[in-house]
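Open the model in your viewer and keep the sequence beside it. The stops below say what to select next and what is there.

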Amino acid sequence: MKKIKLAVIFGGKSSEYPVSLHSTASLLRQINRERYDITMIGISQTGDWYLYQGSIDDLEHDHWLTHADNRPIGFACTKKHHGFFLLQEDVPSIPLEIDCVFPVLHGKNGEDGTLQGMLELMQLPYVGCGHMSSAICMDKEMTHIVCERAGVPCAPYMAVYEHQVTDEKALYEQAAEQLKVPFFIKACNAGSSFGVHKVHDFQEFQTALTDAFYHDGKGKVILEATIEGFEIGCAVMGNHELFVGSVDEIETSQELFDYEGKYEMLNSAIHCPARISKELFAQAQDLALRAYQAMNCKGMTRVDMFVTKDQTIIFNELNTIPGFTATSRYPSMMKEAGIEFPDLIDRLIDLAME
Ligand SMILES: Nc1ncnc2c1ncn2[C@@H]1O[C@H](COP(=O)(O)OP(=O)(O)O)[C@@H](O)[C@H]1O
Ligand SMILES: [Mg+2]
């Protein structure tokens with residue numbers, strides 16, 4: 001069988017750069033090398049693209065940029081060649097032969113539709129959601145608008161644009177009245193809980209607002225009513241025919257599932273399958289499917305939700321390129337549903353090339 005020429009893109013100009021390195025290392029260790037010829041493309045935190053030819057360990061521990069044989073990469077959509085090029089000094093650039101791309105990038109410039117649009121221009125099939133659903137899933141206000149329209153229950157919210165904030169006190173009071181205190185402030189376009197805060201008073205509101213705008217980078221945040229309860233997630237895969245994985249549950253003693261909780265499991269634990277009734281489990285899977293379809297997701301997405309105190313489910317957000325280490329939530333939920341990690345990788349690539 002002819003091997004599939006797969007480009008794995010890692011790193012990225014995003015605050016989730018370190019998460020991408022871990023996800024990518026796991027994927028590269030588990031992928032079936034008999035099925036794929038792998039090209040590793042790294043993006044530095046300053047946005048430089050390189051062909052990387054070093055070890056997985058150096059990639060994972062962020063030493064990949066020190067390799068002398070890294071070569072700059074460019075891209076083009078010319079009549080002769082669509083795709084990536086190896087840039088060389090004084091000699092013509094060499095086109096890279098690639099059949100499919102697996103972007104293992106989280107957050108800004110990787111998961112938000114920008115890269116997906118670029119890959120579409122280059123006519124390269126890629127794993128995961130298309131440019132539009134990636135962009136909508138990344139933007140917490142757009143997610144609310146589309147999901148609510150589709151009848152997916154979401155927390156009450158307000159979107160706030162930086163240029164409209166003239167009186168912080170008045171804004172706080174409006175939010176306190178509409179959403180009740182404490183409420184959440186979240187960067188609209190971020191992930192891994194960067195720029196997410198639970199606000200209990202005006203002073204906290206002011207610092208949280210500044211931080212949320214900082215992490216958003218596009219001048220938009222959302223304020224959201226606090227949902228009392230606990231968080232669950234569900235893994236969904238597919239283009240048209242959808243496969244729903246298991247449902248997991250987050251146990252945390254913190255006010256929110258923050259970066260340390262997510263990646264170091266500080267004061268947090270994940271239970272897969274979730275310790276909920278059969279009925280609630282099925283409802284969670286159904287809601288995850290509805291959100292996936294409402295957003296026109298393709299390939300894969302992890303759908304995050306809350307179980308409220310009165311045992312109803314409220315949707316929170318979609319992660320179109322979820323954490324992808326062998327122990328990350330999306331692969332774990334798929335494993336629980338019978339799909340092992342290497343098989344999951346194959347299926348996602350097959351879906352991309354469909
Ligand atoms: N409305 C809410 N009610 C309660 N907790 C929330 C709410 N919104 C966010 N959180 C907490 O903050 C965390 C991060 O928020 P989330 O919307 O998932 O953003 P991110 O994209 O950074 O993961 C969630 O995992 C949850 O713990
Ligand atoms: Mg989240």
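Over how many bridges do strand β9 and strand β11 pair, and in which sense? Select residues 183–187 for β9 and 220–225 for β11: the two pair in the antiparallel sense over five bridges. Two strands count as paired if DSSP finds at least two bridges between them. Helices (H or I, at least four residues) and strands (E, at least two) are DSSP runs, numbered from the N terminus.

This is a predicted model, in which local features need pLDDT of at least 70 and side-chain atom pairs count only at pLDDT 80 or more, while totals for chains, interfaces and linings use all residues. Residues are numbered from 1 along each chain as its sequence is written, chains are lettered from A and ligands numbered from 1 in the order in which they are written, and side-chain values use heavy atoms, with hydrogens and water left out.

**The sheet and its helices**

Stay on β9 and find Phe184, which stands opposite Glu224 in β11. Now widen the selection to the open sheet of four strands, in the order β8-β11-β9-β10, with antiparallel pairing. Its edge strands are β8 (157–161) and β10 (196–199), each of which pairs on one side only. From one strand to the next, the twist averages 20°.

Add helix α6, residues 168–179, which lies across β8, β9, β10 and β11 and runs at about 165° to β8. Angles run from 0 to 180 degrees between N-to-C directions, and axes are lines fitted to C-alpha atoms, for helices over the stretch in contact. Contact means heavy atoms within 4.5 Å.

**The loop between α6 and β9**

Select Lys180, in the loop between α6 and β9. Phi of Lys180 is near 70°, a positive value in a residue other than glycine. Is Lys180 buried or exposed? Lys180 counts as exposed, at 55% relative accessibility; the cut-offs are under 20% relative accessible area for buried and over 50% for exposed, with partly exposed in between (1.4 Å probe, protein chains only).

In that loop lies Pro182 as well. The peptide bond from Val181 to Pro182 is cis, with omega near -5°. For another cis bond, go to Cys272 and Pro273, where omega is near 5°. Pro273 lies in the loop between β14 (268–271) and α9 (278–294).

**Helix α4**

Select residues 131–138, helix α4, where Ser133, Ser134, Ile136, Cys137 and Met138 are buried. Their cover includes α3 (114–121), α5 (140–149) and β16 (313–319).

**Pro322**

From β16, move on to Pro322, in the loop between β16 and α10 (329–336). Pro322 is buried, with a relative accessible area of 2%. Leaving aside residues up to four places away in sequence, Pro322 touches His106, Met300, Arg302 and Tyr330.

**The second largest pocket**

Which residues are the closest to the centre of the second largest pocket? Of the 17 that line this pocket, they are Tyr126, Gly128, Gly130, Asn239 and Lys298. A pocket is an open set of points on a 1 Å grid over the protein atoms alone, where a 1.4 Å probe fits, with protein on both sides within 12 Å along at least five of seven lines; lining residues have an atom within 4 Å of a point. To end the tour, select α11 (341–353), which, like α4, supplies at least two residues of this lining. α11 gives the most, with three residues.
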